[in-house]
Amino acid sequence: MAEYDYVAIDPVGKDRKGSIKADSIDEARAKLDARKLFIVALEPGAVESARSRANLSLRSPRLSAKELTLFTRQLATLTQVSPLEESLRTIGRQSEQDHVRAVVGKVHSGVMEGRRLADALGAEPKSFPPLYRAMISAGESSGSLPTIMERLSDLMERQALMRSKVLTAIAYPSVLATFAVFVVAALMIFVVPKVVEQFDTVGQELPLLTRMVMGLSAFLAAYWWLLLIAMVLGGVAFWRALKNERFRYRFDATLLGLPVLGKLIRDLHAARMARTLSTMVASRLPLMEGLTLTANTVHNRVLRRASDEIVEAIRGGGSLSAALRRAGVFPPLLVYLAASGESAGRLDTMLERAADYLEREFDSFTSTALAMLEPIIIILMGGIVAVIILSILLPILQLQSLTGA
């Protein structure tokens, strides 16, 4: 009996390496298939070769959030009218991106080998997250894969819409503010020094405002590179500090404590969690599993800890609404609607309504904030430019008054 070295990926997407004894390579492959392992490399005594190929597989391309949303919608539509294998083949053929065809092709190969769709998706863990695969597995187990695929498509499209709105809310004022800073810096570094040169031979004391602007301009012109280096080093130091869990937790807690931004972050997280849980409850996926997988996707450490505490509370026999209320970081509306849904046996419906309300609140907030930020930034920039111009005009007016006298 020969010994074969293998590298494989298990159903949860983890890399597995080892050896297995079998009479032939086909028998070794059959034993690994029985363990529900997706084989990456299988060769007699080729440990180093298998390891190198596994590293190549880990560097394989992945689907972006937009591509995954499109794939899910296409698969949800096609599985209603054609077999799963044919649907995957069609999606792979019509894709214009090479990496998308490669990922879909690997999933299609896994299904053709007799694996469940969730297990085939597990061969590409970077493209298909655990929460995604869990919902697919629930659909296959209950025999309602097309229905759950449709719900999953709706969920991902709503999340993509929210991501787009968040990026819009952040990008527009950021670009406007950055442009304003560059304009003011250019005036102070390049324009003001040229104008100030004209006052060097006047022999009169310049106005205080002019002297202040001249001093700031001289500092920026001489040490702008030092300021730039300091900003870069400060950014790198802050980025490294965020990797420390204690500092990251305090920073995230500070964000949640801010008057406006904190409420926005809490509402966004609550809306995302409510919509995800609504979809999972409607798909008959266990609530505990949905909460656990959802908690792992939360970036804010305070909210992640609160989500973990909710999981532990429910595991101990408590209700979702009581755990949400005890956490103290979720909107009261979500807690109330969750309690109403539990008492009426319509938890999925009430969670969906909570998500709809919180998302509408976010839309209203971003619309108002963008409408206010634009004139505020423009007025602030105009005020700074006005001060610079006034500092230049004051000496000119002073000279004119002396000449007239």
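This passage describes the helix packing and residue burial found in a predicted model of the protein.

The secondary structure of the predicted model comprises 16 helices and three strands. Of its 405 residues, 37% count as buried. When contacts are restricted to pairs of residues at least 6 apart in sequence, 58% of them join residues that are at least 24 apart.

Three helix pairs are considered in turn, and such pairs can be treated in common terms, since two packed helices are described by the angle between their axes and the distance between the axes. The axes of helix α3 and helix α8 come within 9 Å and cross at roughly 150°, and the two helices are therefore roughly antiparallel, the cut-off for that description being an angle over 145 degrees. The crossing of α3 and α8 is left-handed. On the α3 side the contact is formed by Ala-65, Leu-68, Thr-69, Thr-72, Arg-73, Leu-75 and Ala-76, which meet Met-149, Glu-150, Leu-152, Ser-153, Asp-154, Met-156, Glu-157 and Arg-163 of α8. Divided by class, the residues of this contact are seven nonpolar, three polar and five charged.

Helix α8, which spans residues 145-196, also packs with helix α9, which spans residues 208-241; their axes come within 9 Å and cross at roughly 125°. The two helices are therefore oblique to each other, and the crossing of α8 and α9 is left-handed. From α8 the contact draws on Met-188, Ile-189, Val-192, Pro-193 and Val-196, while α9 contributes Val-213, Met-214, Leu-216, Ser-217, Leu-220, Ala-221 and Trp-224. The contact of α8 with α9 comprises 11 nonpolar residues and one polar residue, with no charged residues. Ala-185 also lies in helix α8, where a relative accessible area of 27% makes this residue partly exposed. The C-alpha atoms of Ala-185 and Ser-217 are separated by 8.8 Å, although the two residues are 32 apart along the chain; Ser-217 is itself one of the α9 residues that take part in the contact with α8.

The third pair is formed by helix α7 (residues 130-142) and helix α12 (residues 287-295), whose axes come within 9 Å and cross at roughly 160°. This angle makes α7 roughly antiparallel to α12, and the crossing of the two helices is left-handed. Pro-130, Leu-131 and Ala-134 of α7 meet Glu-289, Gly-290, Leu-293 and Thr-294 of α12. By class, four nonpolar, two polar and one charged residues make up the contact of α7 with α12.

Within this pair, Ala-134 of helix α7 can be followed individually. With a relative accessibility of 9%, Ala-134 counts as buried, because the cut-off for burial is under 20%. Once its neighbours within four places in sequence are set aside, Ala-134 is in contact with Leu-285, Glu-289 and Leu-293. The separation between Ala-134 and Glu-289 is 155 residues in sequence, whereas their C-alpha atoms are 8.4 Å apart in space.

The distribution of buried residues around the helix axis was examined for two further helices. Such a distribution can be read against the geometry of the helix, since an α-helix has 3.6 residues a turn, so residues three or four places apart point the same way. In helix α4 (residues 84-94), the buried residues are Leu-84, Ser-87, Leu-88, Ile-91 and Gly-92. These residues cover an arc of only 130° around the axis, which puts them on the same side of α4. The buried residues of α4 pack against three helices, namely α3 (65-78), α5 (98-112) and α6 (117-121). Helix α3 thus appears both among the packing partners of α4 and in the contact with α8.

In helix α14 (residues 320-327), Leu-320, Ser-321, Ala-323, Leu-324 and Ala-327 are buried. Viewed down the axis of α14, these residues fall within an arc of 160°, so they line one face of the helix. Arg-325 and Arg-326, by contrast, are exposed on the other side of α14. Just after α14, Gly-328 takes a positive phi of about 75°.

Notes. Residues numbered from 1 in each chain as written. Predicted model: local features only at pLDDT ≥ 70, side-chain atom pairs only at ≥ 80, totals over all residues. Heavy atoms only, no water. Axes fitted to C-alpha atoms, helices over the stretch in contact; angles between N-to-C directions. Helix = DSSP H or I, 4+ residues; strand = E, 2+ residues; numbered from the N terminus. Parallel < 35°, antiparallel > 145°, perpendicular 65-115°, else oblique. Left-handed = near helix turned anticlockwise from the far one by under 90°. Contact = heavy atoms within 4.5 Å. Nonpolar A, V, L, I, M, F, W, Y, C, P; charged D, E, K, R; others polar. Buried < 20%, exposed > 50% of the residue type's maximum accessible area, 1.4 Å probe, protein only. Arc of directions from axis to C-beta.
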